[in-house]
Amino acid sequence: MISLAETVLRGDRLALGRVLTLVENDTADGRAALEVLFPHTGQAHLVGVTGAPGTGKSSLVNRLALQFRTQNKRVAVVAVDPSSPFTGGALLGDRVRMKDLSGDTGVFIRSMASRGSIGGLAQATASMVQIFDAAGYEIIMIETVGAGQSEVDIARLAHTTLVVEAPGLGDDIQAIKAGILEIADIIVVNKADRPGVENTEKALKSMLELAHPAPRVFSHHGGTIPPTARGGSASPGEGQGAGKTDTNIWIPPVQRTIATDGTGIAELAQQIVKHGEYLRLSGDWTVRERARLESELEAALRSALMNQFHARVPEEQFGRVVDQVLERSMSPSEAVRALLNGRPK
Amino acid sequence: MVKEQSTLPEKKIRVLVAKPGLDGHDRGAKVVARALRDAGMEVIYTGLRQTPEMIAEAALQEDVDVVGLSILSGAHMALAPRIMDLLKANGQTNVKVFIGGIVPDEDIPRLMEMGIAGIYGPGASTEDIVKDIQNAVK
C-alpha cells in the first residue's frame, strides 16, 4: 500500500492537507510521514513575513504569491494567528485577504493557530513547512502572528525575513530599539499611500545608518554562530539602500508597497529573490540552514527528554517533590537534582 | 486567571465558516465564528462572496472537520448541493456541513437528505450549534 507521505510526494492535495493536520497534532502518523518526507526537503526558499497587527501582512502575502505565480513558482502559505489563552480556540482570518489566490492549484494556503506558543509561530510550524518543502513548493511564505517587538522566532525558521511596517506606528526611537527590526532582511513600508510615509521611511533608514553593518549572528546557547560573511564596508542608505550583492554584506533595503493595489510588489519580489541569491553566494544559506535544523533538533530532543523523564518518574513522586518545594524544605534546583538522580528525600 | 495551555498534542475541531453567494451581511457568521472560537475550536473564516469552488478548496487546504455555511440570500438550494458535490469530488466525504441563515421549513427535509448535518434559522442558540458540532465530529 502507498503511504500517505508517498501520496504527498505525488502531488495529492487532499493527502497534503491531511498530513499537515497529522503533523500539527504531533501524532505518531505525522511523525512517520515527516521521516519519509524529510530527505525531500531543503529545496524551498522560506520567506518569513512579520510585523505588527494591521500592517497588512496578509494582503502583502496575497500579492507576493500572485507575483511569484507569474514566474510559475509553486507557492505555499502558512499563516499563523493566535489561539485564545483562555479557551484554546482561535479565529483564523488570514484567508479573508487571500481570495485572489483561490482557484490556482499552484498555491496552497494553510491557516494555523499558535496553540500557546509565544514566539509568533506555533510549535509545529517548522514541521509543516518541511512538508510543503517536500511536496515541491518552491516559495513558502510564513506569516507570523501580528508581532510586537520580540516575536523573533521567524528569523530562525526563514531564509529571508520581511518586517512589515506602516506609516504612523512609531517614531525613530521605536526604530532603534532591539528586537523585531533587527531580524529584518527586507523592511517593507506598506500602506505607502498613507500620510507620514516619508517620516516612517526616514526613521527606518536612519536606523539602518546607525547600525554598524554587522553580519547577522544568531545568539544561540548564549553564544554565537560565527557568520561566514565578515567585514565589508558598505555604506547603508546609498543607492536607496537596496540589497546589494557586490559586497559580502547585506544591507536590508527599505521597500515601499501598497498591498491593496500592488504598488512596489514586483520590486519586493525581486528583492526576495536577490536576498536568496546573496545567501547562497555568501554561504549564509548553509549557516542559516544549520542553525535552523540545530534548533529544531534541540526542540525535538527537549520534548523527547521530557517525555522520557515523565515516563520514568511516577507522577506521585513528582508531586511529593513539588510539595517539598512548596514547603520550602527543598529549593527548585535541589529538587531538579533529586528528580534527575531518582532519589528524592 | 489564564489557564495554562497544555503542550500535549490534542485534536482541535477545525471549522471553516464561509459565506457563499452574494449577500453581504456577515454579522451572523461572525457571531457563530466567535462562539465556536470560545468553545475551543479553530475557526477559519473566509470572508464574503465565496463561490462553492472557493469554499471546497479552502476546506481541502485547511483539512477541516466541519464547514459552516451562512446563507441569507435564499440561494441555499443552489449553493448547498454544489458545495456538497465538490467536497465529495475532492474526497472529503467525512466533512460535516452545517447551514445558518434564512431557510424556509419546506426546504429543510431536502437539505437533510443531501447530507447537511444541521440547519439553524434566526434566533438559534449558539450553545446548540456548538453542541451539535461537537457531537457530529465525535
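How far apart are the end C-alpha atoms of helix H1 (residues 27-38) of chain B, and what span should its twelve residues have at 1.5 Å a residue? The views below begin there. This is a predicted model, in which local features need pLDDT of at least 70 and side-chain atom pairs count only at pLDDT 80 or more, while totals for chains, interfaces and linings use all residues. Residues are numbered from 1 along each chain as its sequence is written, and chains are lettered from A and ligands numbered from 1 in the order in which they are written.

**View 1. Helix H1 of chain B and its buried side.** The end C-alpha atoms of H1(B) are 17 Å apart, which agrees with the 16 Å that its twelve residues should span; the expected value is 1.5 Å times one less than the number of residues. Helices (H or I, at least four residues) and strands (E, at least two) are DSSP runs, numbered from the N terminus. Look for Ala29(B), Val32(B), Ala33(B), Leu36(B) and Arg37(B), which are buried in H1(B). They cover an arc of only 140° around the axis, which puts them on the same side of H1(B). A residue counts as buried if 20 or more other C-beta atoms lie within 10 Å of its own, as exposed if 12 or fewer do, and as partly exposed in between, with C-beta atoms placed from the backbone. The arc is that of the directions from the helix axis to the C-beta atoms. The packing partners of these buried residues are strand E3 (90-92) of chain A and, in chain B, strands E1 (14-18), E2 (42-45), E3 (66-71) and E4 (96-101) and helix H5 (126-136). Just after H1(B) comes Gly40(B), with a positive phi of about 90°.

**View 2. The two sides of helix H3 of chain A.** Gly30(A), Ala33(A) and Leu37(A) are the buried residues to find in H3(A) (residues 28-37). Their arc around the axis is only 60°, which puts them on the same side of H3(A). An α-helix has 3.6 residues a turn, so residues three or four places apart point the same way. Ala28(A) and Glu35(A) are exposed on the other side of H3(A). In chain A, helices H1 (4-9), H2 (13-24) and H5 (125-134) pack against the buried residues of H3(A).

**View 3. Strand E6 of chain A, covered on both faces.** Six of the six residues of E6(A) (residues 160-165) are buried. One side carries Thr160(A), Leu162(A) and Val164(A), the other Thr161(A), Val163(A) and Glu165(A). Strand E1 (residues 45-51) of chain A runs parallel to E6(A) and is joined to it by five bridges; Gly48(A) has Thr161(A) as its bridge partner, and Thr50(A) has Val163(A). Strand E7 (residues 186-189) of chain A also pairs with E6(A) in the parallel sense, over four bridges, with Val164(A) opposite Val188(A). Two strands pair if DSSP finds at least two bridges between them.

**View 4. A sheet built from both chains.** Six strands form an open sheet with parallel pairing, in the order E3(A)-E2(B)-E1(B)-E3(B)-E4(B)-E5(B). E3 of chain A and strand E5 (118-120) of chain B stand at the edges with a single partner strand each, so one side of each is left without a neighbour in the sheet. From one strand to the next the twist averages 20°. Axes are lines fitted to C-alpha atoms, for helices over the stretch in contact, and angles run from 0 to 180 degrees between N-to-C directions. Where the chains meet, three bridges join E3(A) to E2(B) in parallel, and Ala90(A) is partnered by Glu42(B). Further along, E1(B) and E3(B) run parallel and share four bridges, with Val15(B) opposite Val66(B).

**View 5. The side of chain B that touches chain A.** Here, 30 residues of chain B are in contact with 30 residues of chain A, contact meaning C-beta atoms, placed from the backbone, that lie within 7 Å. H1, E2 and helix H2 (52-62) of chain B each give two or more residues to this side. The largest share, seven residues, comes from H2(B).

Terms used:
Two residues are in contact if their C-beta atoms, placed from the backbone, lie within 7 Å.
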